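Me: I am in my first year and still learning to read protein models. Could you take a close look at the disulfides of this chain and connect them with their surroundings?

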Amino acid sequence: VGEATVDPVDILKADQTCALEGERALDCGARAAPGRYQSCCGGYGCEPGNVKVTCTANENLPASPTCGTEGVKATSCGALPAADRPESCCSGFVCHPGPQKVFCTDASLVTLASTTPDG
């Protein structure tokens, strides 16, 4: 009788090592600053298109694309992981050849020489 309830979020904030709803995270593109965390906590992800580079609950995030098409950055191509970023390119697309190219492109437009390790 009369037991106090404890909000689980308050417990997490006491030992917080990750960003919660509305907090900025470096993995989302935020600049390093005191009180900012590297990544979002479990159950949260980077809010796509958010200029404040904050975390939001996973249920509020749009569905992630399953693969990348023309011009879409993919983590298998070297892009940093993000909530709205696919792991790899779709069938018929490959990672764009060349340095600093982290996006998918139509495989039929890429020459064989540019996709070989010694090319």
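Reply: Starting at the N terminus, the elements of the chain follow the order α-β-β-β-β-α, which amounts to two helices and four strands. The model is a predicted one, so a word on confidence, given as pLDDT, belongs at the start. The mean pLDDT of the chain is 79, and 73% of its residues reach 70 or more. Among the elements, strand β3 (residues 93-95) has the highest mean pLDDT, 91, whereas helix α2 (residues 112-115) has the lowest, 49. Over residues 113-119 the pLDDT stays under 50, and for this stretch the model has three contacts beyond four places in sequence. Where pLDDT is low, the predicted coordinates should not be read in detail.

Now to the disulfides themselves, of which the count comes to six. If the bonded cysteines are numbered in sequence order, they pair as 1-4, 2-5, 3-6, 7-10, 8-11 and 9-12. Three of these links can be followed one by one.

One of them is formed by Cys 28 and Cys 46, whose sulfur atoms are 2.1 Å apart. Cys 28 sits in the loop between α1 (8-14) and β1 (44-46), while Cys 46 belongs to strand β1, so the pair ties together parts that are 18 residues apart in sequence. The angle about the S-S bond is -90°, and the link of Cys 28 and Cys 46 is left-handed. Both cysteines of this pair, Cys 28 and Cys 46, are buried.

The same two residues also appear in the largest nonpolar core, which has eight residues in all: Ala 19, Ala 25, Cys 28, Ala 30, Cys 40, Cys 46, Val 53 and Cys 55. In soluble globular proteins, nonpolar side chains tend to be buried together. For one member of this core, Ala 19, the contacts beyond four places in sequence are with Arg 24, Ala 25, Tyr 37, Ser 39, Cys 40, Cys 41, Tyr 44 and Cys 55. Over the whole chain of 119 residues, 24% count as buried.

A buried residue can be polar too, and Thr 56, in strand β2 (residues 55-57), is worth a look. Thr 56 counts as buried because its relative accessibility is 4%, below the cut-off of 20%. Its side chain is joined to that of Glu 21 by a polar contact of 2.9 Å. Apart from neighbours within four places in sequence, Thr 56 is in contact with Glu 21, Gly 43, Tyr 44, Gly 45, Glu 47 and Leu 61.

A second link is the disulfide of Cys 67 and Cys 90, with sulfur atoms 1.9 Å apart. Cys 67 and Cys 90 each lie in the loop between β2 and β3, and the pair links distant parts of the chain, 23 residues apart. With 85° about the S-S bond, the link of Cys 67 and Cys 90 is right-handed. The two ends of this link fall into separate classes of exposure: Cys 67 counts as partly exposed because its relative accessibility is 27%, while Cys 90, with a relative accessible area of 12%, is buried.

A third link joins Cys 77 to Cys 95, with an S to S distance of 2.0 Å. Cys 77 is found in the loop between β2 and β3 and Cys 95 in strand β3, so this pair ties together parts that are 18 residues apart in sequence. The link of Cys 77 and Cys 95 is left-handed, with -85° about the S-S bond. Cys 77 is buried at 13% relative accessibility, and Cys 95 is partly exposed at 29%.

Beside this third link in the sequence comes Ser 76, which lies in the loop between β2 and β3. Ser 76 is partly exposed, since its relative accessible area is 42%. From C-alpha to C-alpha, Ser 76 and Cys 95 are 7.9 Å apart in space, although 19 residues separate them in sequence. Not counting residues up to four places away in sequence, Ser 76 touches Glu 87, Ser 88, Cys 89 and Cys 95.

Finally, two values describe the chain as a whole. Among contacts between residues at least 6 apart in sequence, 29% join residues at least 24 apart. The accessible surface of the chain comes to about 7,900 Å², and 54% of that surface belongs to carbon and sulfur atoms.

Methods. Residues are numbered from 1 along each chain as its sequence is written. This is a predicted model: local features need pLDDT of at least 70, side-chain atom pairs count only at pLDDT 80 or more; totals for chains, interfaces and linings use all residues. Side-chain values use heavy atoms; hydrogens and water are left out. Buried means under 20% relative accessible area, exposed over 50%, partly exposed in between (1.4 Å probe, protein chains only). A polar contact is a pair of N or O atoms within 3.5 Å; within protein, one must be able to donate a hydrogen and the other to accept it, and residues adjacent in sequence count only if both atoms are side-chain atoms. Contact means heavy atoms within 4.5 Å. pLDDT is the predictor's confidence in each residue, from 0 to 100. Accessible areas come from the Shrake-Rupley method with a 1.4 Å probe; for residues, only the protein chains shown count as cover. A nonpolar core is a set of buried Ala, Val, Leu, Ile, Met, Phe, Trp, Tyr and Cys residues joined through side-chain atoms within 4.5 Å. A disulfide is a pair of cysteine sulfur atoms within 2.5 Å.
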